[in-house]
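Trainee: I'd like a close look at one part of this model, the sheet and the helix that packs on it. Could you walk me through it in one go?

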Amino acid sequence: MQIRKADKHMQTSLRGITKKAKEDQKHRFGNLYGLLNKRNLRECFYQLNRKAVPGVDEIDWATYEVNLEGNIETLVEALKGNKYKAKLIRRHYIPKEGGRRPLGIPVVGDKLLQAEVALILSAIYEEDFLDCSHGYRRGKGPQKAALELSKRIHRGRYRWVVDADIKGFFDSINHEWMLKILELRINDKKLLGLIRKWLKAGILEEDGKVIYPLTGTPQGGSVSAVLANIYLHYVLDLWFEVEIKPHCEGDTTMMRYADDYVCCFQYYSDAKRFYGELSKRLAKFNLELSKEKTRLIKFTRFETKDNKSFNFLGFEFRWGLSRVGKPLVKMLTSKKKFKLSLKKMKNWIRQERCKLGTAAIMKKLKQKLQGYWNYYGVCGNSARLQEYFYHVKKIVFKWMNRRSQRKSCNWGEFERLLDRYKIPCPRIIAYWN
């Protein structure tokens with residue numbers, strides 16, 4: 001989860017923290033707990049997602065707002081009196097490739113405190129994070145990370161790629177290591193104690209069982225994403241920059257978004273050595289590589305026909321040829337994401353075709369397609385976008401005609417309907433220079 005904020009609304013105290021963090025990279029910040037006051041929490045409340053699903057107490061954003069001042073005052077008093085206790089986190093599962101992804105949903109009060117702490121942590125660590133890190137940072141994102149990786153590979157001399165995946169990362173974060181890492185920059189026992197409470201908070205499963213985790217941080221909480229990024233900053237990013245790069249004979253680079261990362265090497269010997277040391281490094285911090293999803297592959301402009309491809313953040317990377325016959329890194333929608341997106345589109349139209357009118361369906365379809373073009377509309381992906389659009393139109397046409405026994409329209413009328421509601425056609429939006 002990315003915390004939404006704008007510079008003009010950034011608290012003055014956070015600007016001061018950012019400035020100090022930039023000036024002194026070894027400074028340990030104290031007196032952070034006091035920033036969890038009424039004024040800051042009130043301002044932070046209106047940055048929360050208003051449509052978020054409620055936690056175990058069934059209180060949503062709108063209900064909490066009715067008595068906002070009283071609720072915030074209760075929170076602040078509990079913090080001051082050391083009486084604050086983290087509530088149970090409701091477990092919710094969403095479908096993902098090959099199974100279900102577990103999410104943790106805190107109550108609104110806990111979510112509010114976590115959001116403010118996430119802002120504080122971001123103010124400190126934003127100056128520490130390396131350029132290779134794109135996860136949960138303002139002004140960055142998965143598409144930018146993928147485009148930057150494509151640019152580096154195209155312009156670089158890399159021939160080998162380590163495509164790695166961490167097994168169950170969010171569930172495997174070691175609590176003690178997490179707190180030790182935070183102590184390098186934070187000298188505030190109360191704030192660290194608060195974070196410890198969130199890490200140890202019980203999780204209410206869908207079947208009613210309560211689990212108290214020994215490791216991990218639930219995905220879904222405002223602070224979880226920032227903590228995960230800080231963890232991998234020390235475990236992976238700094239290690240790669242300080243221990244791996246200086247000992248490589250050739251060029252090397254890494255790109256990471258949350259726990260998804262790719263490392264590129266000029267020479268096989270460097271790639272092989274890194275591949276061998278990676279498992280040991282992760283094991284030290286209670287993490288494990290997914291053997292099925294981690295591999296070392298050849299990826300070079302000099303052998304475009306024999307190259308393998310790899311996936312990163314929903315894109316399939318492969319070497320091809322430009323229109324003038326020169327080697328070019330192509331970013332295509334990954335086949336798995338392509339099929340999954342069509343499956344989601346089919347499920348949506350099947351469920352909503354009889355509930356919504358034509359105008360509402362077209363409005364929603366317009367939003368879905370525009371979001372898809374915004375992400376996958378990168379240079380070189382035109383063919384996959386056109387293919388996706390073709391299949392989506394067939395799916396929507398089929399299921400809209402099944403709303404009754406009588407056929408609603410023919411294909412020509414359907415095309416005119418798309419034009420009438422200005423359904424966006426595929427377009428390339430993102431380029432790298």
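Trainee: Which helix lies across E6 and E7, and at about what angle does it run to E6?

Mentor: Happy to! This is a predicted model, where local features need pLDDT of at least 70 and side-chain atom pairs count only at pLDDT 80 or more, while totals for chains, interfaces and linings use all residues. Residues are numbered from 1 along each chain as its sequence is written, and side-chain values use heavy atoms, with hydrogens and water left out.

The helix is H6, residues 142-155, and it runs at about 165 degrees to E6. Helices (H or I, at least four residues) and strands (E, at least two) are DSSP runs numbered from the N terminus. Axes are lines fitted to C-alpha atoms, for helices over the stretch in contact, and angles run from 0 to 180 degrees between N-to-C directions.

Now for the sheet underneath. Its four strands are ordered E6-E7-E3-E8, the sheet is open, and the pairing is antiparallel. Two strands count as paired if DSSP finds at least two bridges between them. E6 (252-257) and E8 (295-298) are the edge strands, each with a single partner, so one side of each has no neighbour in the sheet. From one strand to the next, the twist averages 20 degrees. The E6 and E7 (residues 260-265) pairing is antiparallel over six bridges; as an example, Arg256 has Tyr261 in E7 as its bridge partner.

Inside the sheet, look at Val161, which sits in E3 (residues 160-165). Its relative accessibility is 1%, so Val161 counts as buried; buried means under 20% relative accessible area, exposed over 50%, and partly exposed in between (1.4 Å probe, protein chains only). Leaving out residues up to four places away in sequence, Val161 touches Val262, Cys263, Cys264, Arg295, Leu296, Ile297, Phe299 and Phe310, where contact means heavy atoms within 4.5 Å. For a sense of distance, Val161 and Ala283 are 122 residues apart in sequence and 21 Å apart in space, C-alpha to C-alpha.

Charged pairs are worth a look around this part too. Side chains of opposite charge can pair when their charged atoms come close. There are 16 salt bridges in the structure, each a side-chain nitrogen of Lys or Arg within 4 Å of a carboxyl oxygen of Asp or Glu.

Ahead of H6, Glu126 and Arg137 join in a salt bridge at 2.7 Å, N to O. Both Glu126 and Arg137 lie in the loop between H5 (108-125) and H6, eleven residues apart. Glu126 is partly exposed at 29% relative accessible area, whereas Arg137 is buried at 6%.

Elsewhere, Arg91 and Glu205 meet in a salt bridge (3.6 Å, N to O). Arg91 is in strand E1 (residues 89-96) and Glu205 in the loop between E4 (203-204) and E5 (210-211), so the pair ties together parts 114 residues apart in sequence. Arg91 and Glu205 are both buried.
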